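Colleague: Before I plan anything around this protein, can you take me through the terms you use? I'd like to hear what each label rests on.

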Amino acid sequence: MTTILSIGTSNAQRTRKFPETKAEIIINTQIDTAFNYIVPVDLSLIFKRYKRLPAVEKTNENELWFRPGLTRTVYFDDGTTAKETLLTVEQSQSFTYKIEGFTSQLRFLAKRIEGNWQFTTMENGHTHIEWTYTIIPKNFIARFIIRYFILKDINGLLNNGLSIIKENLENEE
């Protein structure tokens, strides 16, 4: 089976106002299975420490992460936190969320991060997944720092997460 895993940052980031990165993967599982696993996934399972970026230790969610409008606090292994809000959920197609209220050094650079997951069924029953992070900087200096010093690490973090998801889903069947 061939896996597509994007490395680096999206070419689209160079022409957009905000820094953006996208990771993609093909998983050997049905789209409903992938979607229903990923949306409410325990973030500590997929967000491991990557270079300068901390791992997720836990969240404080009170109900299954499937309903738009839900919020949770994300706790990182370096003692910092962020607030995450689920914005949209289109069953087996996509979901979006925002991350803000950073207590890490990112609070000086970013207003928020916008996350977007897209799921597409392939002819062979596999699922193609695109995960995009758009970072909304506080100013043009922050945009430069994010684009040239942070975005590559964020892309690595997303790719690691997708690899873990792929392994978990393909070994589950």
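Modeller: Sure, starting with the largest pocket, which holds about 640 Å³ of space. Its lining counts 36 residues, and Leu53, Phe76, Leu106, Ile113 and Leu157 are the closest to its centre. One caution: this is a predicted model, where local features need pLDDT of at least 70, side-chain atom pairs count only at pLDDT 80 or more, and totals for chains, interfaces and linings use all residues. Residues are numbered from 1 along each chain as its sequence is written, and side-chain values use heavy atoms, with hydrogens and water left out.

Colleague: What makes something a pocket here, and what does its volume stand for?

Modeller: On a 1 Å grid over the protein atoms alone, a pocket is an open set of points with protein on both sides within 12 Å along at least five of seven lines, whereas a cavity is a set where a 1.4 Å probe fits but cannot get out. Lining residues have an atom within 4 Å of a point. Points are joined across faces, edges and corners, and the volume is the space filled by probe spheres set on them.

Colleague: Which elements give two or more residues to that lining?

Modeller: They are α2 (43-46), β3 (71-76), β4 (81-90), β5 (94-100), β6 (110-121), β7 (127-137) and α3 (140-172). The largest share, six residues, comes from α3. Those names are DSSP runs numbered from the N terminus: helices are H or I with at least four residues, strands are E with at least two.

Colleague: How do the lining residues divide by class?

Modeller: There are 28 nonpolar, three polar and five charged residues. Ala, Val, Leu, Ile, Met, Phe, Trp, Tyr, Cys and Pro count as nonpolar, Asp, Glu, Lys and Arg as charged, and the others, Gly among them, as polar.

Colleague: Why is Tyr148 called exposed?

Modeller: Exposed means over 50% relative accessible area, buried under 20%, and partly exposed in between (1.4 Å probe, protein chains only). Tyr148, in helix α3, has 55% relative accessibility, so it counts as exposed. Together with Phe144 and Phe149, Tyr148 makes a nonpolar surface patch of about 370 Å². Patch residues need over 30% relative accessible area and no salt bridge; nonpolar side chains (Val, Leu, Ile, Met, Phe, Trp, Tyr) are joined within 5 Å, like charges within 9 Å.

Colleague: What makes the backbone at Lys51 and Ser92 worth a look?

Modeller: Most residues other than glycine have a negative phi. Lys51 has a positive phi near 50°, and Ser92 has a positive phi of about 60°. Lys51 sits in the loop between α2 and β2 (56-59), while Ser92 lies in the loop between β4 and β5.

Colleague: Are those two buried or exposed?

Modeller: Lys51 is at 57%, so it counts as exposed. Ser92 is at 12%, so it counts as buried.

Colleague: How do you know that Asp77 and Arg49 form a salt bridge?

Modeller: The cut-off is a side-chain nitrogen of Lys or Arg within 4 Å of a carboxyl oxygen of Asp or Glu. Asp77 and Arg49 have an N to O distance of 2.8 Å, and their side chains meet in a salt bridge. The pair links distant parts of the chain, 28 residues apart: Asp77 is in the loop between β3 and β4, and Arg49 in the loop between α2 and β2. Asp77 is partly exposed at 32%, as is Arg49 at 46%.

Colleague: How many salt bridges does a search of the whole structure find?

Modeller: Nine. Among them is Arg112 with Glu114, at 2.9 Å N to O. Glu61, Arg72 and Glu84 are linked in a network of salt bridges.

Colleague: Why are Glu170 and Lys166 about one helical turn apart?

Modeller: They are four residues apart in helix α3, so about one helical turn separates them. Their side chains meet in a salt bridge at 2.7 Å, N to O. Lys166, at 11%, counts as buried, whereas Glu170, at 27%, is partly exposed.

Notes
Areas by Shrake-Rupley, 256 points an atom, 1.4 Å probe, with all protein chains shown as cover.
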